[in-house]
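Work through the exercises below with the sequence and the model side by side, and try each task before reading its solution.

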Amino acid sequence: MGGSFFAPDGGLALARCWQKESNTKEATAIVQDVVRRFPAYKDCAATLLQGWSTKPKNE
């Protein structure tokens, strides 16, 4: 895995793409890289990860 994005929003978008492809491990690694490189995005990244780990309540 390499940091192939220039802005934190790009990294989060890339992570969403990996998640949609069911590659949670790669998506999570990218989110962690975003937080490491851009600490101000910690809350946004946490919200994104939390959304992936929860299922809709009506399932």
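## Exercise 1: the first helix

In this predicted model, α1 has 13 residues and spans 18 Å from its first C-alpha to its last, close to the 18 Å expected at 1.5 Å a residue.

Task: State which residues of α1 are buried, and work out where they lie when the helix is seen down its axis.

Solution. Begin with accessibility, where buried means under 20% relative accessible area; in α1 this description applies to Pro8, Gly11, Leu12, Ala15 and Gln19. Next, look down the axis of α1: its buried residues fall within an arc of 95°, and they therefore line one face of the helix. Finally, ask what lies over them; the cover for the buried residues of α1 includes α2 and α3, the latter formed by residues 42-53.

## Exercise 2: the residue after α1

Task: Find the residue just after α1 that takes a positive phi, and decide whether this residue is buried or exposed.

Solution. The background is that most residues other than glycine have a negative phi. Just after α1, however, Ser22 has a positive phi of about 65°, and this residue is not a glycine. Ser22 is located in the loop that runs between α1 (8-20) and α2 (24-37). Its relative accessible area is 66%, and since exposed means over 50%, Ser22 is exposed.

## Exercise 3: the two sides of α2

Task: Determine which residues of α2 are buried, and which are exposed on the other side.

Solution. Consider the helix itself beforehand: α2 has 14 residues and reaches 20 Å between its first and last C-alpha, close to the 20 Å expected at 1.5 Å a residue. The buried residues in α2 are Ala27, Ile30, Val31, Asp33 and Val34. They cover an arc of only 155° around the axis, so they sit on the same side of α2. These buried residues pack against α1 and α3, whereas Lys25, Gln32 and Arg36 are exposed on the other side of α2.

## Exercise 4: charged pairs in α2

Task: Identify the salt-bridge partners of Asp33, and describe how accessible each participant is.

Solution. Side chains of opposite charge can pair when their charged atoms come close. With a cut-off of 4 Å between a side-chain nitrogen of Lys or Arg and a carboxyl oxygen of Asp or Glu, the count comes to 2 salt bridges. One joins Arg36 to Asp33, with the closest N and O atoms 2.4 Å apart; both residues lie in α2, 3 residues apart, about one turn of the helix. The other joins Asp33 to Arg37, with the closest N and O atoms 3.8 Å apart, and these two, also both in α2, are 4 residues apart, again about one turn of the helix. Through shared partners, the salt bridges link Asp33, Arg36 and Arg37 into one network. As for accessibility, Asp33 counts as buried at 7%, Arg36 is exposed at 61%, and Arg37 is partly exposed at 32%.

## Exercise 5: how α1 meets α3

Task: Describe the packing of α1 and α3 by angle and distance, and name the residues that make the contact.

Solution. The axes of α1 and α3 are 12 Å apart, and the two helices pack at an angle of about 10°. Angles under 35 degrees count as roughly parallel, and α1 and α3 are therefore roughly parallel to each other. The contact is made by Leu12, Ala15, Arg16 and Gln19 on the α1 side, and by Cys44, Leu48 and Trp52 on the α3 side.

How values were computed. Residues numbered from 1 in each chain as written. Predicted model: local features only at pLDDT ≥ 70, side-chain atom pairs only at ≥ 80, totals over all residues. Heavy atoms only, no water. Buried < 20%, exposed > 50% of the residue type's maximum accessible area, 1.4 Å probe, protein only. Expected span 1.5 Å × (residues − 1). Arc of directions from axis to C-beta. Contact = heavy atoms within 4.5 Å. Axes fitted to C-alpha atoms, helices over the stretch in contact; angles between N-to-C directions. Parallel < 35°, antiparallel > 145°, perpendicular 65-115°, else oblique.
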